[in-house]
Amino acid sequence: MNQYETVFIVTPVLSEEQMKEAVKKYQDYLRDNGADIVHEEHWGMRKLAYPIQKKSTGFYHLIEYRADGTLIADVETQLKRDERIIRFLTVKLDKHAVAYNEKKRKKSKDAATEKSEA
């Protein structure tokens, strides 16, 4: 099993609830097909570098997961077919990227713990 990271942009015309529903669809799809979700981040509404489908903003969401390589093609097919997704990118993480992500998460968790103790 390899570790992957998929970032996708959801169209900004959706309500908050509809956007969460779209994200949940992919979380469930990954879990139902044997993927183990390691980490997730919702980056919120961000400005795009250039207009896509006449839209200048979008909801960004990142999912980091472990899965077989055969699942990636299926996930990307689902993302392409979904009208709510305007862009996506899936990256296979090597051991250095996995270690970096874990270190970054631990660091942010420690900072949050220190902040709550103060």
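# Briefing: helices α1 and α3, histidine 39 and the salt bridges

Histidine 39 sits in strand β2, which runs over residues 36-52. This is a predicted model. Seven salt bridges turn up in a search of the whole structure. The points below cover histidine 39, two helices, the salt bridges and one exposed lysine.

**Histidine 39**

- The histidine 39 side chain makes a polar contact with the side chain of glutamate 41, at 3.1 Å.
- Beyond neighbours within four places in sequence, histidine 39 is in contact with Leu62, Ile63, Glu64 and Arg105.
- Two of these contacts, Glu64 and Arg105, return below as salt-bridge partners.

**Helix α1**

- Helix α1 covers residues 16-32, 17 residues in total.
- From first C-alpha to last, α1 reaches 24 Å, close to the 24 Å expected at 1.5 Å a residue.
- Its buried residues are Met19, Ala22, Val23, Tyr26, Gln27 and Leu30.
- These buried residues lie on the same side of α1, because they cover an arc of only 135 degrees around the axis.
- The background is helix geometry: with 3.6 residues a turn, residues three or four places apart point the same way.
- The face turned away from the buried side of α1 carries exposed residues: Glu17, Lys20, Glu21 and Asp32.
- Cover for the buried residues of α1 includes strands β1 (2-10), β2, β3 (55-67) and β4 (85-93), along with helix α2 (69-81).
- Glycine 34, just after α1, has a positive phi of about 90 degrees.

**Helix α3**

- Helix α3 spans residues 95-117.
- Its 23 residues should span 33 Å at 1.5 Å a residue, and the end C-alpha atoms are indeed 33 Å apart.
- Val98, Asn101 and Arg105 are the buried residues of α3.
- What covers the buried residues of α3 includes β1, β2, β3 and β4.

**Salt bridge between β3 and α3**

- Glutamate 64 and arginine 105 form a salt bridge, with their closest N and O atoms 2.9 Å apart.
- This pair links distant parts of the chain: glutamate 64 is in strand β3 and arginine 105 in helix α3, 41 residues apart.
- Glutamate 64 and arginine 105 are both buried.
- Histidine 39 is in contact with both partners.

**Salt bridges at aspartate 82**

- Lysine 25 and aspartate 82 meet through their side chains in a salt bridge, 3.8 Å from N to O.
- Lysine 25 belongs to helix α1 and aspartate 82 to the loop between α2 and β4, so the pair ties together parts that are 57 residues apart in sequence.
- Lysine 25 counts as partly exposed because its relative accessibility is 35%.
- Aspartate 82 has a relative accessible area of 9%, so aspartate 82 is buried.
- Aspartate 82 also forms a salt bridge with arginine 84, where the closest N and O atoms are 3.1 Å apart.
- A network of salt bridges links Glu21, Lys25, Asp82 and Arg84.
- One of its members, Glu21, is among the exposed residues on the face of α1 turned away from the buried side.

**Lysine 109**

- Lysine 109 is a residue of helix α3.
- Its relative accessible area is 60%, so lysine 109 is exposed.
- The C-alpha atoms of lysine 109 and tyrosine 50 are separated by 33 Å.
- Along the chain, lysine 109 and tyrosine 50 are 59 residues apart.

Technical notes
Residues numbered from 1 in each chain as written. Predicted model: local features only at pLDDT ≥ 70, side-chain atom pairs only at ≥ 80, totals over all residues. Heavy atoms only, no water. Helix = DSSP H or I, 4+ residues; strand = E, 2+ residues; numbered from the N terminus. Polar contact = N/O pair within 3.5 Å; in protein donor to acceptor, adjacent residues only side chain to side chain. Contact = heavy atoms within 4.5 Å. Expected span 1.5 Å × (residues − 1). Buried < 20%, exposed > 50% of the residue type's maximum accessible area, 1.4 Å probe, protein only. Arc of directions from axis to C-beta. Salt bridge = Lys/Arg side-chain N within 4 Å of Asp/Glu carboxyl O.
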